[in-house]
Amino acid sequence: MTPATLFLDADSALREVIDQLDPADFSAPVPKEWSQLESPTLLGILGRHAYDEA
């Protein structure tokens, strides 16, 4: 498996999980250990992930 294929497979798996979330859950707080944001939320983590991926 090439690094590109691994990345695409992992990205696809993450998209499947995100698609199952209710948008109302995006404002839910998450453990501070999951992020460097001061008040981390699920949406904040997803936003940082999207930024890093871009």
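Tutor: Helices (H or I, at least four residues) and strands (E, at least two) are DSSP runs, numbered from the N terminus. Here the chain has 2 helices and 0 strands. Helix H1 covers residues 3-19. Helix H2 covers 42-53, and a loop lies between H1 and H2. This is a predicted model: local features need pLDDT of at least 70, side-chain atom pairs count only at pLDDT 80 or more, and totals for chains, interfaces and linings use all residues. Residues are numbered from 1 along each chain as its sequence is written, and side-chain values use heavy atoms, with hydrogens and water left out.

Student: Why is the chain said to be more spread out than a compact globule?

Tutor: Look at the radius of gyration, taken over C-alpha atoms; the globule rule is 2.2 Å times the number of residues to the power 0.38. For 54 residues that rule gives 10 Å, and this chain has 13 Å, well over it, so the chain is more spread out than a compact globule. Along the principal axes, its C-alpha atoms fill a box of roughly 35 × 25 × 20 Å.

Student: How many of the residues count as buried?

Tutor: First the cut-offs: buried is under 20% relative accessible area, exposed is over 50%, and partly exposed is in between (1.4 Å probe, protein chains only). By that scale, 11% of the 54 residues are buried. Accessible areas come from the Shrake-Rupley method with a 1.4 Å probe; for residues, only the protein chains shown count as cover. The chain exposes about 4500 Å², and 60% of that is supplied by carbon and sulfur atoms.

Student: Which residues does Asp-11 touch?

Tutor: Contact means heavy atoms within 4.5 Å. Not counting residues up to four places away in sequence, Asp-11 touches His-49 and Glu-53. Asp-11 sits in helix H1. With a relative accessible area of 14%, Asp-11 is buried.

Student: How many salt bridges does the structure hold?

Tutor: The general idea comes first. Side chains of opposite charge can pair when their charged atoms come close. A salt bridge needs a side-chain nitrogen of Lys or Arg within 4 Å of a carboxyl oxygen of Asp or Glu. This structure holds 1. The side chains of Arg-15 and Asp-11 form it, at 2.4 Å from N to O. The two are 4 residues apart in helix H1, so about one helical turn separates them. Arg-15 counts as partly exposed, at 44% relative accessibility, while Asp-11 is buried.

Student: Where is Ser-35?

Tutor: Ser-35 is in the loop between H1 and H2. Ser-35 is buried, with a relative accessible area of 17%. Leaving aside neighbours within four places in sequence, Ser-35 is in contact with Pro-40 and Ile-45. Ser-35 and Ile-45 are 10 residues apart along the chain, and 6.8 Å separates their C-alpha atoms.

Student: Is Lys-32 in that loop buried or exposed?

Tutor: Lys-32 is exposed, at 54% relative accessible area. Lys-32 is also found in the loop between H1 and H2. Beyond its neighbours within four places in sequence, Lys-32 is in contact with Glu-38 and Pro-40. Pro-40 is thus a name to remember: Ser-35 is in contact with Pro-40, and so is Lys-32.

Student: How far apart in space are Lys-32 and Asp-19?

Tutor: Lys-32 and Asp-19 are 23 Å apart, C-alpha to C-alpha, with their positions 13 residues apart in sequence. Asp-19 is in helix H1. Asp-19 is exposed, with a relative accessible area of 64%. Now set Asp-19 against Leu-46: they are 27 residues apart in sequence and 12 Å apart in space, C-alpha to C-alpha.

Student: What about Trp-34?

Tutor: Trp-34 lies in the loop between H1 and H2. At 57% relative accessibility, Trp-34 counts as exposed. Trp-34 and Leu-6 are 28 residues apart in sequence, and their C-alpha atoms are 23 Å apart in space.

Student: What share of contacts joins residues at least 24 apart?

Tutor: Take contacts between residues at least 6 apart in sequence: 20% of them join residues at least 24 apart.
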